[in-house]
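The following exercises invite the reader to examine a structure step by step. Each task is followed by a worked solution.

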Amino acid sequence: MYTQGLDVKPGDKAIPLESGTSEAEQGFQGRIDRDDRIEPKDWMPEGYRKTLIRQISQHAHSEVVGMLPEGNWITRAPSLRRKAVLLAKVQDEAGHGLYLYSAAETLGVSRAELVEQLLSGKAKYSSIFNYPTTTWADIGAIGWLVDGAAIMNQIPLCRCSYGPYARAMIRICKEESFHQRQGYEIMLALSRGSDAQKAMAQDALDRWWWPSLMMFGPSDKDSPHSAQSMRWGIKRISNDDLRQKFVDVTVPQAEYLGLKMPDPDLAWNEARGHYDFGAIDWEELKQVISGNGPCNKSRMKARRDAHAEGAWVREAALAHAEKRRARALKKAG
Amino acid sequence: MSSRDWPLFEVFIRSRNGLSHKHVGSLHAADAGMALENARDVYTRRAEGVSIWVVPSTQIVASDPGEKDAFFEPTADKIYRHPTFYDIPDDVKNI
């Protein structure tokens, strides 16, 4: 999920469409075309390495920042069962972040650099986590819609040409299914509940639907990296195709809940065999990506504070490990 | 703020007795004990393992993918190491 490819500044031509003319570059493209997998120590074009570092780390940052909106409700979950489930889900997100950071590190970038890029604002994370979780129903909507969109996006990444990324995605996809189901279960309970609960579910859907559609990134015609990423086997399905697939599977799920999609233009198109849906407010996405979403500042502050407040723990653990090593050496000597 | 990363460890997990340990990924930890505990929390949240090995990544010695063809060349032309190389009449049973 979470790799909208929007961390490109206007005029960023750092990664031109290339297949290269050198023997190494052509051999590399040949391997991709044969559906071979690329492993960490294999030769790869610099653009491929850069694209992957950018995409995998953006993905990892999103998992980590993604813990914040849900963490907001751990202490206020309505039952012990819901609380245990939410804790397990948030733990999974931490785990996903760690799998992905490890995959990125195989490309020769250090963890410290990656964290620094997030904290300095140089690296982006998914726009979706800059929206607030104002009611318990938001936890349901996130699981159902945000994780649902994530699964849609991530399944093709399990076949990504870069081995460590693909393997991390396989682990993540196995775990995401629980996330989506627990979210839908929350929405189901609310939509079968009192009028107030049903209204809460509808309100959450109203607020999360459009931002969830934005998670797939800009429309194909405005997606600067897509063509190259497709050629390199990093991306397998286009943003718009994935978005359409998500709409098609989600609309019947909303109908089952008895909730109404907040889109007057949404209608089944018999000829296309897909749902038509209304225009996405790209300006909103642009604003959220550039730091002006409802929660950008508090999310970044939470990450920076956590990193700064944990510094003494990281240093103490290292000092303790070094002391014990020295003591063991002395004893042996 | 220290920018020094904890050392990197490679993690291997035996999913059940009778199977080998298999590489699953890597993680950072201050020492081997912490690496084991972190590996448990990161890689076995759903009972994926009964045994974990952690190895400092710097201790792994790997073959060079650039030398792959030369390195594995000696095996390529020895198809007589495979049972299908030998012609045995169909009439001969249990072989």
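The exercises below concern a predicted model, and they proceed from the interface to single residues.

**Exercise 1. The interface**

Determine how many residues each chain brings to the contact between chain A and chain B, and what area is buried there.

Solution.
Step 1. Chain A contributes 26 residues to the contact, and chain B contributes 22 residues.
Step 2. The size of an interface is often given as the accessible area lost when the parts come together. Between chain A and chain B, the buried area is about 2,000 Å², and carbon and sulfur atoms give 53% of this area.
Step 3. Within the area that chain A buries against chain B, 25% is supplied by A:K41, A:R171 and A:L318, more than by any other three residues.
Step 4. Polar terms are considered next. Four salt bridges are counted between chain A and chain B. One salt bridge joins the side chains of A:D92 and B:R45, at 2.7 Å from N to O. Across the interface there are also 12 residue pairs in polar contact, both residues being at pLDDT 80 or more.
Step 5. On the side of chain A that touches chain B, at least two residues each come from α4 (80-105), α5 (111-119), α7 (163-191) and α13 (311-332).

**Exercise 2. Salt bridges within chain A**

Compare where the partners lie in the salt bridges A:R49 with A:E46, A:E185 with A:R82, and A:D147 with A:K89.

Solution.
Step 1. Side chains of opposite charge can pair when their charged atoms come close. Over all chains, the count comes to 25 salt bridges.
Step 2. In the salt bridge of A:R49 and A:E46, the closest N and O atoms are 3.4 Å apart. Both residues belong to helix α2 (residues 46-65) of chain A and are three residues apart, about one turn of the helix. A:R49 is partly exposed, with a relative accessible area of 21%.
Step 3. The side chains of A:E185 and A:R82 form a salt bridge of 2.6 Å, N to O. Because A:E185 lies in helix α7 and A:R82 in helix α4 of chain A, this pair ties together parts that are 103 residues apart in sequence. A:E185 is partly exposed at 32% relative accessible area, whereas A:R82, at 16%, counts as buried; the cut-off for buried is under 20%.
Step 4. A salt bridge of 3.0 Å, N to O, joins the side chains of A:D147 and A:K89. This pair links distant parts of the chain, with A:D147 in helix α6 (residues 137-154) and A:K89 in helix α4, 58 residues apart. Both A:D147 and A:K89 are buried.
Step 5. A:K89 and A:D147 are also linked with A:E70 and A:E93 in a network of salt bridges.

**Exercise 3. Two residues in helices**

Is A:H61 buried or exposed, and which residues does A:H61 touch? Examine A:N239 in the same manner.

Solution.
Step 1. A:H61 is found in helix α2 of chain A. A:H61 is buried, because its relative accessible area is 0%.
Step 2. Not counting residues up to four places away in sequence, A:H61 touches A:Y101, A:L114, A:L118, A:A123, A:K124 and A:Y125. With A:Y101, the contact includes a polar one between the two side chains, at 2.8 Å.
Step 3. A:N239 lies in helix α10 (residues 239-257) of chain A, and A:N239 is buried, with a relative accessible area of 5%.
Step 4. Leaving aside neighbours within four places in sequence, A:N239 is in contact with A:F216, A:G217, A:P218, A:D220 and A:S223.

**Exercise 4. Positive phi values**

Where do A:D35 and B:A47 lie, and what is the phi of each?

Solution.
Step 1. Most residues other than glycine have a negative phi, and most peptide bonds are trans.
Step 2. A:D35 has a positive phi, near 70°. A:D35 is in the loop between α1 (23-33) and α2 of chain A and is partly exposed, with a relative accessible area of 46%.
Step 3. For B:A47, phi is positive and near 55°. B:A47 is in the loop between α1 (32-43) and β3 (51-56) of chain B and is exposed, with a relative accessible area of 69%.

**Exercise 5. A surface patch**

Which residues make the nonpolar surface patch of about 730 Å²?

Solution.
Step 1. The patch is made by B:I79, B:Y80, B:F85, B:Y86, B:I88, B:V92 and B:I95.
Step 2. B:V92 lies in the segment after α2 (68-76) of chain B. B:V92 is partly exposed, with a relative accessible area of 42%.

Key. Residues numbered from 1 in each chain as written. Chains lettered and ligands numbered in written order. Heavy atoms only, no water. Patch = residues over 30% accessible without salt bridge, like charges linked within 9 Å, V, L, I, M, F, W, Y side chains within 5 Å. Areas by Shrake-Rupley, 256 points an atom, 1.4 Å probe, with all protein chains shown as cover. Helix = DSSP H or I, 4+ residues; strand = E, 2+ residues; numbered from the N terminus. Buried < 20%, exposed > 50% of the residue type's maximum accessible area, 1.4 Å probe, protein only. Contact = heavy atoms within 4.5 Å. Buried area = accessible area lost by both parts, 1.4 Å probe. Polar contact = N/O pair within 3.5 Å; in protein donor to acceptor, adjacent residues only side chain to side chain.
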